[in-house]
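The following exercises concern aromatic side chains and their surroundings. Please work through each task before reading its solution.

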Amino acid sequence: MACFSCANLENFNEVFSCLNNYTEEEKISRSIDKQLRRELKNKRHEAKILLRGVGECGKTTVFKQLRLMYTAGFKNHEKDSFLITCRRNIMQSIQELMNGMDILGMSYESSVNEEHAKVLRPFTGQCMKMLDDNLECKISEEMISRIATIWKDAEVQKCYKRTNEYPLMECAQYFLNNLQILRDDHQITNDDILHARQVTKKACEETFDVSYDHIRLVLKMIDIGGQRKERGLRWLQCFSEITSILYIAALSDFSLFSLENQNLNRLEDSLADYTLITNSSFTQNVNFIVFLNKEDVFQERLKFLKLSDFPATRDYTGNNSFNDGKEFIKSKFESICSSRAHYHFTCATDTTSLKKVFYSVAIQILQYNMNQFSPI
């Protein structure tokens, strides 16, 4: 067992004597300094992040992924609510496709499918209304079969490829390929939840404990909604102590128009919104993380659409390849803000890839915090 020598005891007494020589004010000051150093150390491992982006860019999906990755997931009553949303999404998807057939002046490949469409039109509208009113909508196997037949119609598939010409939910393909969701015995899956589309009408806030081996970060995430009427100045009301802004833009928006303004290209809307928020006096000392989202949808769209045919990407002169195209769109955002922004290509419905992205994000936030909250 170690013991103090006389010399060590003398040194200890000198230090103890020195400490006793501090005035009461000096002791209080040293105590405050110690507390501040402790708080600064904690702040380096905390981040308050504001989610921002235009409607349907994938913000809510990212929020749901964080729930799945860093919490116990969703409670049973939440799953029940998502199941209703998924079923409504199916009804809306097939209805919008049938509307698209009318808008484009297209005919079904058979008279039988024309009859299916006539039966489905009133049924889907009535079912959506019942689901909106939290009433049960019984969907028979006959109706499920009619929806499946319409979706497989060759002309409907051609109509689907022209979604830039009429409104259609981006989750339509997923839900129309998974009609088992309409059956009473269906157990909702995480993929169903991630693809479920519902407009965010109020601000959502949640705290996540993000841990990767030697890295730990406490994230307080705030989602304020992305519809134009939801954006406005609401984000300023949530801005207290914001350390980072996670801006999400959908790559696939190059070919789509705003649901609120059919003359406004969604990617143009996103670029304008990004310009507004990065130029704001409130964000000059804020770290930006940008997710260029929906890589999967973007890659699929490039198979039958040209970037140069749409307003926001009219100046594109590349070969319309996936990698070249997404880098071009990235350059659009970088030209607005590059010095204090980190860019990532993402697919928000892919849990594995998004977890890897968030590892990079956690490191970037920690590095930013180290610079912001240096020790006293």
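**Exercise 1.** Determine whether Phe 254 and Phe 298 are buried or exposed, and classify the geometry of their rings.

*Solution.* In this predicted model, Phe 254 and Phe 298 are both buried. The structure holds 12 aromatic pairs. For the rings of Phe 254 and Phe 298, the centres are 5.7 Å apart and the planes meet at 85 degrees. Planes over 60 degrees apart count as edge-to-face; the pair is therefore edge-to-face. As for position, Phe 254 belongs to the loop between β4 (244–250) and α12 (266–279), while Phe 298 belongs to helix α13 (residues 295–301). The two residues are 44 residues apart, and the pair links distant parts of the chain.

**Exercise 2.** Analyse the pair formed by Phe 291 and Phe 358 in the same manner.

*Solution.* Begin with the geometry: the ring centres of Phe 291 and Phe 358 lie 5.7 Å apart with planes at 85 degrees, so this pair is edge-to-face. Next, locate the partners. Phe 291 is found in strand β5 (residues 287–293) and Phe 358 in helix α15 (residues 351–372), so the pair ties together parts 67 residues apart in sequence. Finally, consider accessibility, for which buried means under 20% relative accessible area. Phe 291 has a relative accessible area of 0% and is buried; Phe 358, at 2% relative accessibility, also counts as buried.

**Exercise 3.** Which residues form one aromatic cluster, and which residue lies over the face of Phe 345?

*Solution.* The cluster is formed by Tyr 247, Tyr 274, Phe 288 and Phe 333. Over the face of Phe 345 lies Lys 326, at 4.5 Å from the ring centre.

Definitions and conventions: Residues are numbered from 1 along each chain as its sequence is written. This is a predicted model: local features need pLDDT of at least 70, side-chain atom pairs count only at pLDDT 80 or more; totals for chains, interfaces and linings use all residues. Side-chain values use heavy atoms; hydrogens and water are left out. Rings of Phe, Tyr and Trp (its six-membered ring) pair if their centres lie within 6.5 Å; planes under 30 degrees apart count as stacked, over 60 as edge-to-face and the rest as tilted. Helices (H or I, at least four residues) and strands (E, at least two) are DSSP runs, numbered from the N terminus. Buried means under 20% relative accessible area, exposed over 50%, partly exposed in between (1.4 Å probe, protein chains only). A charge sits over a ring if NZ of Lys or CZ of Arg is within 6 Å of the ring centre and within 35 degrees of the ring normal.
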